Every structure is written in structure tokens, then in C-alpha cells.
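Me: Please take a close look at the backbone geometry of this model. Then set it against the pocket and the core.

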Amino acid sequence: MTITIYGIKSCSTMKKAFNKLDELDVSYEFHDYKKQGIDKETVQRWVNELGIDKVLNKRGTTWRKLDDSQKQAADASVDSAIDLLVENTSMIKRPIVEGERVDKNQQILLCGFDEAEFERVFG
């Protein structure tokens with residue numbers, strides 16, 4: 001199994017995800033997009049598969065700090081929203097877990113932490 005978990009190290013939701021993956025004995029690579037950034041192609045792939053409403057976190061402080069014109073541009077255009085996500089990685093819902101289960105020939109793409117879903121996918 002090849003898994004990458006994307007997020008921000010200090011996030012409490014990320015810590016839950018790390019703990020659950022460790023508990024399930026799943027090895028993973030961590031990509032801290034606060035330090036490493038994220039490319040537009042990756043965010044575009046996530047949005048294509050999961051939808052912008054799932055990937056864009058409008059409940060966080062980063063979204064609330066945007067001015068109205070930025071929010072309106074993001075709401076009007078998925079491409080504008082993706083550009084904002086690349087510039088403001090804190091607005092990407094955490095964690096995003098991406099990879100492949102070789103044993104089941106199954107692609108994995110999860111957004112957000114749901115303990116039951118982690119157990120179903122990785123257990």
C-alpha cells in the first residue's frame with residue numbers, strides 16, 4: 001500500500017488521522033503543504049474527483065479572512081477557487097489521503113477525517 005497524507009502538522013484533525021493510520025499499522029508519507037506547498041495539478045485532480053465543496057474548507061479562519069471579492073470569485077469559478085487553494089493551503093480540508101491499495105488494485109482518495117471510513121478503507 002502506498003499512501004500519502006496531505007495536510008498541516010499542527011492541525012488537531014491531522015493528529016487524529018495520523019493516530020488512526022498508526023493504529024491500523026498503515027505506513028504513509030506525510031506532505032506538509034504549509035511547508036512544501038502544493039501544485040495546481042494536484043489540487044485540480046482532487047477537485048475533479050471529490051468536488052470543490054468537499055476540498056474547499058469554508059469553515060476555517062483563512063476563508064473568513066478573505067475579502068468579499070475573493071470569496072465571490074471562488075464561488076463563481078472553480079478555477080479561481082483552485083488558485084486560492086494553492087495560494088492559501090490552509091483552506092484545503094484536512095487531511096487528504098491519496099494512494100493505492102496494491103493488494104486490491106484500488107485507488108484511494110479521502111478528504112477529511114472519518115474514523116469509520118479510515119477503518120473500512122485501511123482496516
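**Backbone geometry in its setting**

Reply: In this predicted model, Asp-25 is exposed, with a relative accessible area of 71%. The residue sits in the loop between H1 and strand S2 (29–32). Its phi is positive, about 60 degrees, although Asp-25 is not a glycine. Most residues other than glycine have a negative phi, and most peptide bonds are trans.

The peptide bond from Arg-94 to Pro-95 is cis, with omega near -15 degrees. Pro-95 belongs to the loop between H6 and strand S3 (96–101).

Arg-94 also leads to the largest pocket, where it is among the lining residues nearest the centre, together with Thr-13, Asn-57, Arg-59 and Lys-93. The lining comprises 15 residues: six charged, five polar and four nonpolar. Helix H1 (12–23) and H3 each contribute at least two of them. The space inside this pocket comes to about 320 Å³.

Ile-96 leads to the largest nonpolar core, which has 22 residues. Ile-96 is one of those with the most contacts inside it, along with Val-43, Trp-46, Leu-85 and Ile-92. Helix H2 (40–50), helix H3 (52–55), helix H6 (78–87) and strand S4 (106–111) each provide at least two core residues, and H6 gives the largest share, four. Beyond its neighbours within four places in sequence, Ile-96 touches Thr-4, Ile-5, Tyr-6, Trp-46, Val-55, Leu-109, Leu-110 and Cys-111. Val-97 is in a second, separate core of 14 residues, which also includes Met-14, Ala-17 and Phe-18.

Key:
Residues are numbered from 1 along each chain as its sequence is written. This is a predicted model: local features need pLDDT of at least 70, side-chain atom pairs count only at pLDDT 80 or more; totals for chains, interfaces and linings use all residues. Side-chain values use heavy atoms; hydrogens and water are left out. A nonpolar core is a set of buried Ala, Val, Leu, Ile, Met, Phe, Trp, Tyr and Cys residues joined through side-chain atoms within 4.5 Å. Buried means under 20% relative accessible area, exposed over 50%, partly exposed in between (1.4 Å probe, protein chains only). Contact means heavy atoms within 4.5 Å. On a 1 Å grid over the protein atoms alone, a cavity is a set of points where a 1.4 Å probe fits but cannot get out, and a pocket is an open set with protein on both sides within 12 Å along at least five of seven lines; lining residues have an atom within 4 Å of a point. Grid points are joined across faces, edges and corners, and a volume is the space filled by probe spheres set on the points. Ala, Val, Leu, Ile, Met, Phe, Trp, Tyr, Cys and Pro count as nonpolar, Asp, Glu, Lys and Arg as charged, and the others, Gly among them, as polar.
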